[in-house]
Structure formats: C-alpha cells, structure tokens
Amino acid sequence: MAVKTLNNIWIRRQQCPCGDWKCYIKYEGDDQPTVGLHSMKNETTISSSNEVVFTPYVGQIFRSDDEAFEYYSNFARKNGFSIRKARSTESQNLGIYRRDFVCYRSGFNQPRKKANVEHPRDRKSVRCGCDAKMYLTKEVVNGQAQWYVSQFSNVHNHELLEDDQVRLLPAYRKIQEADQERILLLSKAGFPVNRILKVLELEKGVQAGQLPFIEKDVRNFVRTCKKTVQENDAMLSEKRENDLQELLEACKAMAQKNDGFVYNYSTEENGKVENIAWAYGDSVRAFSVFGDVVTFDTTYRSITYNLLLGIWFGISNHGRAIFLGCALLQDETSQSFSWALQVFIQFMRGGQPQTILTDIDSGLRDSIAMEMPNTKHIICVWQVLSKLSSWFSLSLGSQYAEFRPQFDMLCHLENVEDFEHQWNHLVGQFGLGSDKHIALLFSYRTSWPFCYTRNFFLARSLTSEYLKSVESFLKNILSMQTCLQSFFEQVGIAASFGYQNQDEILYLPMKTGLPLEEHARSILTPYAFNVAQNEIMLSMQYSLTEMANGSYLVRHYKKMERECLVFWMPEDEQVHCSCKEFEHSGILCRHSLRVLIVKNYFQIPEKYFPIRWQLQSSLVPLDDQIIESRGNELSEAFHSLTSSLFCEASISKERYNHVHRVLTELLEHVQSMPVMSEVALNLAPNNTSEP
C-alpha cells in the first residue's frame, strides 16, 4: 500500500531550530499544519457519530453488493461489532448471485498444524459461533441487476462493544492515504513509530490513543512498505537528477532569450546538479531601489526532490513583496546557505542589503555573519510566534492560555531593561528555566523583540500587509504539484505579475487640510502616504512641553502610551524622536510631526522622505502631472457629490436611512472589486476619459 510521492508536494520545514530531531513544529493558523500549500487528498470517513443507520431488513434493496456491505458495516460499527465477507455463490448465467456477510465472531477456527518451532504462538481465537448475519441475493429487474436482503439476524452470543472499544477492531483501523504519506515521510526522516503517532496526534488535534489506528498498524504498515519505499527512493533519485538537469537547461534557454536573466548552480563530485539559483533582470533593477531590506524565506521544501526552497523578497514602495531571486538547495547546512548568499550577492552585482529577515536557523545565521558581515540579521517575529504552540502548549497545558498573551506583550516592549526583567519573570512564573526552546529564544534575543530591533531599518517588512503578500506569492507558485520546469515557469509568471502590479496609482483624499499633509501626498506613494497621513492625524492628540536643553517632551492627552523625547535642531532642520520610528520604518512619527506642526512647518524636510517610499522610485516611470490633475478632479467630483447627498439626506429620517443603506452596499461592492492601475488612472468625472 505504499504511496509513490511522484507529485511535487511542498511541505513546511519541520526541523526544529533547537537541533533536536525529536521536536516537531506545528504552525498555528494552518488548516493542515505540516503540509504546505498543496491540496491534500480527501480522507474517506466512516459515517459520523450523529448519522442514523437503520437496522437492515429482509427485502431491503441495494444497487450493488459493495453498497450493501458498506451499509451493514456502518450499522455494525454503531452497534458494537464488525463484519466480514463469508461465502459467495456463483452461476454461469448470473455470475456471483449470492453474498453472505457475517459477524466477525461467526464460526469457529479450525485447528492448524503448528510449525516445527520451539515456542509456537498459540493465539486465542475471537470466533465463538455467533449467528448474526446478512445474506444477499441478486436478481435482474428490467435488465438492471440489484441485490436484496434474503436473510438477516442481529442476534449475538457475545457482548457488544462500546464506541471507544469498537473503533479498535481491525476492520475499523484504517490508515487513510494522506496518513500513509505522512507516516512514510516521518519514517524516512528517522522518526520511530511511537514518535510518529505523537506527531499525527498533534497534527489532528486529538488526545493520545484517539487516532483511527494503533501503533501496531503503523509498525506493520512501515514494515510492509519498506521495500516499496526503497524502490521509490531510487525512482525519486532518478527523477530528481533528470528534472534538475531539465531545470538547468531551462535556465540556459532563458538566459539566451533574456539578457537580464542570471543563474548559477553547483555540482556534486559526480557532476550532478546540487544547488541552483536564478533571478530576472527586473529583480536586479528592483534591488537597486528596494534592496535595503530583504526577506530570505526558507519555509518550504519539496518532498519529491528533497530540495529546500529559498526565495529572496524585497518590500516595494507600495508595501508589498517583490521577487528578487530563487534558490533550490540540496540541504539546510551552513555550506548550502553560504553558497546561496554568495550567488545572491553576485546576482545583485555585489550589492548587499542593510537588513535581512529570516526564520530561526543557526546554520543560516552563521552564513549571514560570514557572507554579509555588514548586514543586520533580524528574525521575523511571526516565525517565532508560529512555533510557540508546538513548543509550549503541551508542556504548559492549561497555563498556555495565560502564557501566550504575556509572551506577545514581551515582543512589543520598547525598553531592553524592561524586556529582560519581564523575561526573567515569565520564565520563573511558568517554570521554564530549563526549557531548551526558551534558552534558544533568549540566545537570539537581539534579533527578534522590538526593543532590540527598533534601531534597525525594516521598511515596514513586519506588517501584516507585507506578510500576506509574501504568502500570496508562495501560494501562487506552490499550489500546483508539478515538475521543476513547470515550477520554474510558474515563478517567472508570479514574479512578472508582481512587478506589473507594484505601481498602482490610487488617490487618497486629504483628512486634516494641513500643508504638511498636502506636501506628503505629492511625494509619497499612496501606501506610504496612508501611513504618514495616519501619523499626521494622530499627532493632534499630543501636547508639547519644552525642556531646558531645547528638546520637547511629547505626551498623549490621555496618557495612552509612554511619553517621548523629541530633539529639534532648526539650523539644519533635523528632528529626532526617542521612539525611533523613522529609523525603523522610514516614515516620520507622530511625535516629530507634532513638533514640526507647532513650529509652523508647511513642508516636511526632504531628508525625511526616503527615496524608497517616493513615487519617483516606482519601477515604471509615472507622469506626475497626470496623477495630480486626475487626483484633483476626482477629489472635487466626490466633494461636490457627497455635499449634495448630505444635504438631501438630512431632510428626513427616511431619506437618511435609505442613503445610509445604499452607501453601505456600494462601499462593500467597491471594496470587493479588483484593484487595477489603469482603473485608477482613467477615472474621471461623468465617466469620461481624456483623448
């Protein structure tokens, strides 16, 4: 029953960063925690416990004998026993025309000759002559064969089992196909059978011993499939070798057609392709603008090819992931990661990012320190949070519900001293002093909590919007189970689509009327302006207190957050805030903006508009005059229309309710519409367009 995994199925990496192969990583929020973005085969389930199965009766008709057997089997399970197929009778005209289904304890075992061994096994038979049965007879009616129940008895001479016992009968201990794939994969990775069962229980979210099969079934399945697994390994090894060679040929062909396309690969001692990486001309151009912050995603690997997938992303001036390069690596060692980083630097013409974000991986950390010594290495905080349930939910039990929010709070503390104090308190409170995963996280503490990373430029690459765009890209390239050449084509399509959609022009209206806001809108992309506009609006909620040294203490009027200290140097128009938001994201914070507003600034100093967030940094050249004129026309049209609508709706409650209902429906409809750049560019009052 071995499953030949010839499809290119992508799964999440499950090697724990702590280095212990016994650890298993379960990702929170995954519908199927261990399997990546591929479609799992549906498991065939037996009737649910709430489904009613009526007692069979003489004369009951079925379309086939298989349908009758399934019906009787469901009835038997709900009544505490199982069934088996007994005698069948065949004729020359009708073929098999009689089927006998009996209770699993029907009849008596015939004594067998014992093998000539010193200690023969003498198992006690479960058969006790039970007479429960259902006999079927086939007849032909109007040319159609059908089966009817000719005899039925539900009288047993033994006790019937309870539900938690009947599921353990051999007839109901089925290992479904999806579980077979999972068992073979874990067995191949070196997991013992008892550990495989624990992993499956974690995946399915069931209590120990509640799987539809037992350890004996898994052990027998692995033993039976061992030979087939070896055959599959040989087959997959050949497939991997051939497909990697085809991928290399595809890269060579692409390089001939596209001058900007670059690729590199390494070979084993026998000349076979080991690692391979590639990037497009658009990737190199994008890196020149958005290469300050790079995400190296190594979340997925291929079961079929046993290759790790690594993808480099940048964050565009629209806040979305932009493809920079792709690598397929033979293993997860520091040597493979070093090769990938060297090739990426080569692709980007020697350029190195200011900051690189990755998952927790000691080999990758060592490689980055060696190959990119001037690059700050940051651990994506969502990668940390995704592992908490797997690491701590079992050991903490009911305390995990209290532990998780406290850990979340730690992630967002602004002060290092506060973090280390609260960390020690958390470890002591939950008795985690000797926990290896707590020790691992603490050893990486300079790379993931906000209090340590706030001083480093991340360009808003830790936001949920950016994370969703990364997941969307991965979904597009991993959703299909294909060969490597098709995967290569899919990456090219997804990357090209990403570049084409990085420069959408959306008009955002003014909300405060401040000259600072108008100035920001004329320079920043809609995405960056939306962030800056929110900071400008919130700045109105803060008060200033001038300090003796010329700095300003900025407080929220409700004291909802800690006060910040802003230094303003008018001689060279510099403003620095203790919150470090500008250093962290490249967008000026509300505290600094408050000082500029009080100091009667009508424009934000140009130095606080990083090139990466400006409209002019778009990969496709933009006509600023067209954007501005169409934006103004759009604004005037909406202001006129909403003003008239407000006046008319204010006349009566009936009118107001009608307008409110229609506008709500209209807003929901507009929000569900696809966003296309040409739509925003061509919008004009009265649905007209320029010649």
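**Close-up views of a predicted model**

**View A. The side chains of D359 and K387 are joined by a polar contact of 2.9 Å.** The structure shown is a predicted model. D359 sits in a loop, with β13 (355-358) on one side and α8 (362-371) on the other. The relative accessible area of D359 is 10%, so D359 counts as buried, the cut-off for that class being under 20%.

**View B. Helix α18 (residues 526-539) has the length expected of its 14 residues.** At 1.5 Å a residue the helix should span 20 Å, and its end C-alpha atoms are 20 Å apart, so the two values agree. The helix is mostly covered, with 10 of its 14 residues buried. The buried positions are P526, Y527, A528, F529, V531, A532, Q533, E535, I536 and S539. The elements that cover these buried residues include α17 (515-523), β15 (542-546) and α20 (590-598).

**View C. Five side chains, L645, L663, L666, V670 and M673, make a nonpolar surface patch.** The area of the patch is about 410 Å². Helix α22 (residues 653-672) gives the most to the patch, contributing three residues. L666 is found in this helix, α22. With a relative accessible area of 45%, L666 is partly exposed; this value can be set against the patch criterion of over 30% relative accessible area.

Technical notes: Residues numbered from 1 in each chain as written. Predicted model: local features only at pLDDT ≥ 70, side-chain atom pairs only at ≥ 80, totals over all residues. Heavy atoms only, no water. Patch = residues over 30% accessible without salt bridge, like charges linked within 9 Å, V, L, I, M, F, W, Y side chains within 5 Å. Areas by Shrake-Rupley, 256 points an atom, 1.4 Å probe, with all protein chains shown as cover. Salt bridge = Lys/Arg side-chain N within 4 Å of Asp/Glu carboxyl O. Helix = DSSP H or I, 4+ residues; strand = E, 2+ residues; numbered from the N terminus. Buried < 20%, exposed > 50% of the residue type's maximum accessible area, 1.4 Å probe, protein only. Polar contact = N/O pair within 3.5 Å; in protein donor to acceptor, adjacent residues only side chain to side chain. Expected span 1.5 Å × (residues − 1). Contact = heavy atoms within 4.5 Å.
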